[in-house]
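Student: I should like to learn how to read a protein model, feature by feature. May we begin with the overall picture and then turn to single residues?

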Amino acid sequence: MGQTDLTPPLGFDGGRAEADPPAAGHFAEQAVRPYDLLLRAGCQALVPLRSALGLRRAAGALGHYLRGTGAPYRVDADALLALPAVRSAAGEQLDRWRAEALEQWRGGPRTAAAYPADSGWREVALPRAWGSADWRLALRAFAYRLTGTVRVAADGTASADYRFAVLTCWDAGRFARLHDVGLAKGFTVTGEAFGHA
């Protein structure tokens with residue numbers, strides 16, 4: 001059957017226990033000026049333009065912002081995890097989990113064992129690379145958290161089952177004024193993916 005380690009999770013140091021709270025913002029606290037109406041019209045024109053250029057994710061996020069509901073927005077975390085910068089950050093964490101699990105396993109009875117693992121919330125910024133242009137325009141950066149279990153077999157081979165969670169507050173960057181005057185509304189971005197490594 002093996003053993004399950006109930007000590008604190010592997011790989012947590014360097015991560016945060018809680019994600020940054022969604023930005024409270026100042027929704028509709030400022031008066032609308034003519035410039036704001038022009039800015040909104042420009043943003044509305046950007047949505048189909050981005051879509052026509054194949055930037056579906058960037059168009060979707062901006063369109064959601066302009067609808068002004070503030071409802072959470074779900075993204076494809078599997079597609080995010082496939083981006084080189086994100087895959088590299090997550091891969092380093094998974095490598096660290098396996099190394100820490102093997103270190104603990106070697107100090108024990110060397111039977112099959114399972115260790116809980118948690119990266120805590122960590123940030124990843126999307127680079128200005130061609131392959132991630134759509135995601136960069138859609139999110140720029142986000143917080144992610146890996147949680148899971150590392151299993152070490154009796155022969156010392158380690159593998160991890162994990163959940164990759166995404167969380168960020170979409171604040172529109174240079175279009176944030178539209179939130180302040182109530183012509184659009186920021187929202188929380190979420191997503192999750194599961195895997196084995």
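Tutor: Let us start with the secondary structure. The protein chain holds 6 helices and 7 strands, and the model is a predicted one.

Student: In which pattern do the helices and strands follow one another along the sequence?

Tutor: Read in sequence order, the protein chain runs β-α-α-β-α-α-β-β-α-β-β-α-β.

Student: How spread out is the protein chain when set beside a compact globule?

Tutor: One compares the radius of gyration with the value from the globule rule. Here the radius is 21 Å, well over the 16 Å that the rule gives for 197 residues, so the protein chain is more spread out than a compact globule. Along the principal axes, its C-alpha atoms fill a box of roughly 70 × 35 × 25 Å.

Student: What share of the residues is buried, and what does the accessible surface come to?

Tutor: A residue counts as buried when its relative accessible area is under 20%. Of the 197 residues in the protein chain, 42% meet that description. The accessible surface comes to about 10,400 Å², and carbon and sulfur atoms contribute 57% of it.

Student: How much of the contact pattern joins residues 24 or more positions apart?

Tutor: Among contacts in the protein chain with a separation of 6 or more, such pairs account for 74%.

Student: How far apart are the mean positions of the positive and negative charges?

Tutor: The protein chain has 23 positive and 20 negative charges, and their mean positions are 7 Å apart.

Student: Let us turn to single residues. Is His64 buried or exposed?

Tutor: His64 has a relative accessibility of 9%, and therefore counts as buried. This residue belongs to helix 2, which spans residues 56–67. Apart from neighbours within four places in sequence, His64 is in contact with Thr69, Ala71, Pro72, Tyr73 and Phe187.

Student: What is notable about phi in Arg140?

Tutor: Phi of Arg140 is near 65 degrees, a positive value in a residue other than glycine. Arg140 sits in the loop between helix 5 (133–139) and strand 5 (141–152). Its relative accessible area is 41%, so Arg140 is partly exposed.

Student: Where is Ala172 placed, and what is its phi?

Tutor: Ala172 lies in the loop between strand 6 (158–170) and helix 6 (177–180). Although Ala172 is not a glycine, its phi is positive, at about 75 degrees. With a relative accessibility of 12%, Ala172 counts as buried.

Definitions and conventions
Residues are numbered from 1 along each chain as its sequence is written. This is a predicted model: local features need pLDDT of at least 70, side-chain atom pairs count only at pLDDT 80 or more; totals for chains, interfaces and linings use all residues. Side-chain values use heavy atoms; hydrogens and water are left out. Helices (H or I, at least four residues) and strands (E, at least two) are DSSP runs, numbered from the N terminus. The radius of gyration is taken over C-alpha atoms; the globule rule is 2.2 Å times the number of residues to the power 0.38. Buried means under 20% relative accessible area, exposed over 50%, partly exposed in between (1.4 Å probe, protein chains only). Contact means heavy atoms within 4.5 Å. Accessible areas come from the Shrake-Rupley method with a 1.4 Å probe; for residues, only the protein chains shown count as cover. Lys and Arg count as positive and Asp and Glu as negative; His and the chain ends are not counted. The place of a charge is taken as NZ of Lys, CZ of Arg, CG of Asp or CD of Glu.
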